[in-house]
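Subject: A structure for you to look through

Hello,

I am passing a structure on to you, and I hope you enjoy exploring it. Please open it first, and then read my notes alongside it.

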Amino acid sequence: MSIDDIGARNLIAGILKKACDDYANNKGCPDWCTFRESCADNKIDFKHCDAKKFLHSAWCAALCDGLDIEHDKYIAVCIKRHRLSRNTHKYVEQEIRQYKNTLKELEYLKNEIILESPEKQEGKSSAIGNPTASKAVKVSMDKKIIELEKTQKAIEKTYRRISNDKKVVMEEYWQGRCTTAGLAYRIGVDERTIRRWKQYIVYSVAVELNYL
């Protein structure tokens with residue numbers, strides 16, 4: 001390997017390390033941050049915002065290729081180093097715990113729109129428009145429904161891709177039958193492993209909700 005190649009690899013490694021460090025740091029979200037509303041509970045700073053965009057970019061993937069690093073694994077390491085704020089962690093965990101209620105609320109909100117009386121078209125004509133299409137549009141544009149569906153998809157996507165043992169831990173959020181000790185005994189692992197798996201589940205859902 002030539003000196004130029006070594007220098008290039010060192011430069012790439014430095015860039016990736018800097019991005020990882022900036023992503024892991026958490027110093028508060030400035031007023032001008034474009035992510036301020038969507039990640040208000042996370043309180044991330046401008047360096048984190050820039051790093052977040054970079055990590056998921058084609059540029060970052062190309063640099064990882066230059067060092068023979070798998071892009072997905074690099075992102076996983078960065079996420080592992082980052083820490084959710086206590087409030088955000090509690091919020092995401094509560095969303096997981098309330099998953100069944102979220103499904104019920106979604107069904108209620110959709111039915112409320114679907115079963116309501118069709119509205120008359122505005123203007124001179126008193127004819128009824130296409131009620132099915134109108135209601136479908138209202139369902140798809142309802143902000144509360146959109147937010148609940150986002151949470152639903154994040155939880156379900158996480159559940160589908162985790163191991164069977166972690167699925168048991170995640171299901172316990174909805175069933176609430178076992179203590180940590182009881183769950184550990186049931187699966188055949190120690191309590192520390194259960195706590196680690198719970199954190200993994202929370203972080204995985206947080207990624208899907210764009211908190212990480």
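Below is what I found, starting with the whole chain and ending with single residues.

One thing to keep in mind from the start is that this is a predicted model.

**The whole chain**

The chain holds 11 helices and zero strands, so if you trace the sequence from start to end the pattern reads α-α-α-α-α-α-α-α-α-α-α. There are 212 residues in the chain, and 36% of them are buried. The surface that the chain exposes comes to about 13700 Å², with carbon and sulfur atoms supplying 52% of that area. What about contacts along the sequence? Of those with a separation of 6 or more, 61% join residues that are 24 or more positions apart.

**How confident the prediction is**

The mean pLDDT of the chain is 76, and 70% of the residues reach 70 or more. Which helices mark the two ends of the range? Confidence is highest in helix H9 (residues 164-175), with a mean of 91, and lowest in helix H7 (residues 131-141), with a mean of 67. Please take care with two stretches. Residues 30-34 have a pLDDT below 50, and in the model they make eight contacts beyond near neighbours in sequence. Residues 120-127 also stay under 50, and the model gives them six contacts beyond four places in sequence.

**Two helix pairs that involve H11**

Start with helix H8 (residues 143-161) and helix H11 (residues 191-208), whose axes lie 9 Å apart and which pack at an angle of about 130°. With angles over 145 degrees counted as roughly antiparallel and 65 to 115 as roughly perpendicular, H8 and H11 are therefore oblique to each other. Their crossing is right-handed. On the H8 side, the residues that meet H11 are Ala154, Ile155, Lys157, Thr158 and Arg161; on the H11 side they are Ile201, Ser204, Val205 and Glu208.

Now turn to H9 and H11, whose axes come within 10 Å and cross at roughly 80°. That angle makes H9 and H11 roughly perpendicular to each other. H9 brings Asp165, Lys166, Val169, Met170 and Tyr173 to this contact, while H11 brings Ile194, Trp197, Lys198, Tyr200, Ile201, Val202 and Val205.

**Three residues to click on**

Thr158 sits in helix H8. Is Thr158 buried or exposed? Its relative accessible area is 0%, so Thr158 is buried. Leaving out residues up to four places away in sequence, Thr158 touches Met170, Ile201, Ser204, Val205 and Glu208. You have already seen Met170 as one of the H9 residues in the contact with H11.

Gln152 is in helix H8 too. Buried means under 20% relative accessible area, and Gln152 has 18%, so Gln152 counts as buried. Which residues does Gln152 contact, apart from neighbours within four places in sequence? They are Tyr99, Leu103 and Leu106.

Ala58 belongs to helix H3 (residues 58-66). The cut-off for exposed is over 50%; Ala58 has a relative accessibility of 62% and therefore counts as exposed. Ala58 and His71 are 13 residues apart along the chain, and their C-alpha atoms are separated by 9.6 Å.

Have fun looking around, and write back with any questions.

Best wishes

Technical notes:
Residues numbered from 1 in each chain as written. Predicted model: local features only at pLDDT ≥ 70, side-chain atom pairs only at ≥ 80, totals over all residues. Heavy atoms only, no water. Helix = DSSP H or I, 4+ residues; strand = E, 2+ residues; numbered from the N terminus. Buried < 20%, exposed > 50% of the residue type's maximum accessible area, 1.4 Å probe, protein only. Contact = heavy atoms within 4.5 Å. Areas by Shrake-Rupley, 256 points an atom, 1.4 Å probe, with all protein chains shown as cover. pLDDT = per-residue confidence, 0-100. Axes fitted to C-alpha atoms, helices over the stretch in contact; angles between N-to-C directions. Parallel < 35°, antiparallel > 145°, perpendicular 65-115°, else oblique. Left-handed = near helix turned anticlockwise from the far one by under 90°.
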